[in-house]
Amino acid sequence: MNLSRRNLLAAGSAVGALTVTGAAAATAPAAAAQGKGHRLRTGFERLAEDGYALLDGQRVGIVTNPTGVTRDVRHIVDVMHADDRVNLVAVFGPEHGFRGTAQAGGSEGRYDDPATGLPVYDTYLKNGRPLADIFTASGIDTVVFDIQDVGARFYTYIWTLYDCMEAAQLAGKRVVVLDRPNPMTGRGALGPVLHKEFASFVGRQPIAQAHGMTAAELARLFNGEFLPTPVHLETVLMTGWRRSDFYDATGLPWVPPSPNMPTPDTALVYSGTCLFEGTNLSEGRGTTRPFELLGAAGIDARWAEAANALGLPGVRFREAYFAPTFSKFQGTTVGGVQIHVHDRDVYDPVHTGVALLVTAKRVWSDFAWRSDHNIDRLTGSAQVRAMIDAGAGADEVAAAWASELAAFRDQRRHYLRYR
């Protein structure tokens, strides 16, 4: 991808003649409005306040889930359906479904929404021409995307966004992304960068494990760097959000983006501890603290002691025992750790996750990777697994991805839209 194309796409909101635009009227004030004292307004709030002008004359389909809510927790599909200024004709559900009833690896299928009567189409694991055909069959002109992300490469909603952008281009549709905050802030990118040969639905393209971007910024990155042919893209940015803001600074209600993401605290640790999905340890699914509780049968206090001995910044580990109600070790009491983040400004979730893998392997003789090498899809290459197996510590592992991370950070900065 050459730099001139990157610069044109990154600056699309300022050049109305480009096929790929950035919704100049909706986004231009956003960066200027950052700063203390500005009440955060989401992309949807700004779209509605503008009378949905960006959607005027369009047959609209929306990709969303339970997180697509207003400040007073009304679902935006219900709000838009009741508003004569919007011609909303279809809903598209991602993993877990539009109304959020499905567990990990599931969706709700095709049905008519009882509340609105709108047809709901299933996008999960659909991409390319099959997804383009769904957009065509639905009769839409514009695909709107509004889902709360959590900031990790392997959280599938950002790849639903990517797949929808690619399919919309194939079907000749426009894409409008309504922005929401990154709950773990947008201060920086962390962790290993995906190698393309390990691409999957938990990582389509080479971005960092914790990308530090919002959905609208990612959409611009995807359009400028990765899509074979750019889609007609519009983004409606937030106002009043700063890159240093954690979710509790936004004043927005938290709706779990998926069944095992109950709080913003979960999102804070997830980009590191989700790596335990690639092992034979429980990642805390089936508990009230998924991804904060980690363990397995036979683990004792030595793991917490080993992890605390590392002196990792901003975090401590408590010896913990729990019995998951589903998933790994269902109904069995296991030992492990609970993660307690005491200074989130210096806490590095990815480095912490790798350090926990290293110490778990050292203190528990039954430690094993999943036989399908899912850990490689999660980390984006075989490097992390191979280095840990060879006895490397967390600092050595992190040093091995440093150059690729630096290159991604340089690429990423062209698409950032908030201070």
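Here are a few friendly notes on this predicted model, point by point.

1. Ground rules: local features need pLDDT of at least 70 and side-chain atom pairs pLDDT 80 or more, while totals for chains, interfaces and linings use all residues. Numbering runs from 1 along each chain as its sequence is written, and side-chain values use heavy atoms, without hydrogens or water.

2. Have a look at helix α5 (residues 128–138), whose buried residues are Gly128, Leu131, Ala132, Ile134, Phe135 and Ser138. Buried is under 20% relative accessible area, exposed over 50%, partly exposed in between (1.4 Å probe, protein chains only); helices are DSSP runs of H or I with at least four residues, strands E runs of at least two, numbered from the N terminus. Viewed down the α5 axis, the buried set lies within an arc of 155° (directions from axis to C-beta atoms), so it lines one face. Pro130 and Ala137 are exposed on the other side.

3. The buried residues of α5 pack against β1 (59–64), β2 (87–93), β4 (119–122), β5 and α6. Just after the helix, Gly139 has a positive phi of about 80°.

4. Phe135 also appears among the residues with the most contacts inside the largest nonpolar core, which has 102 residues. Such a core is a set of buried Ala, Val, Leu, Ile, Met, Phe, Trp, Tyr and Cys residues joined through side-chain atoms within 4.5 Å. Helix α6 gives the most to this core, with 10 residues.

5. Thr156 sits in the loop between β5 (142–146) and α6 (157–171), and it counts as buried because its relative accessibility is 9%.

Technical notes:
Contact means heavy atoms within 4.5 Å.
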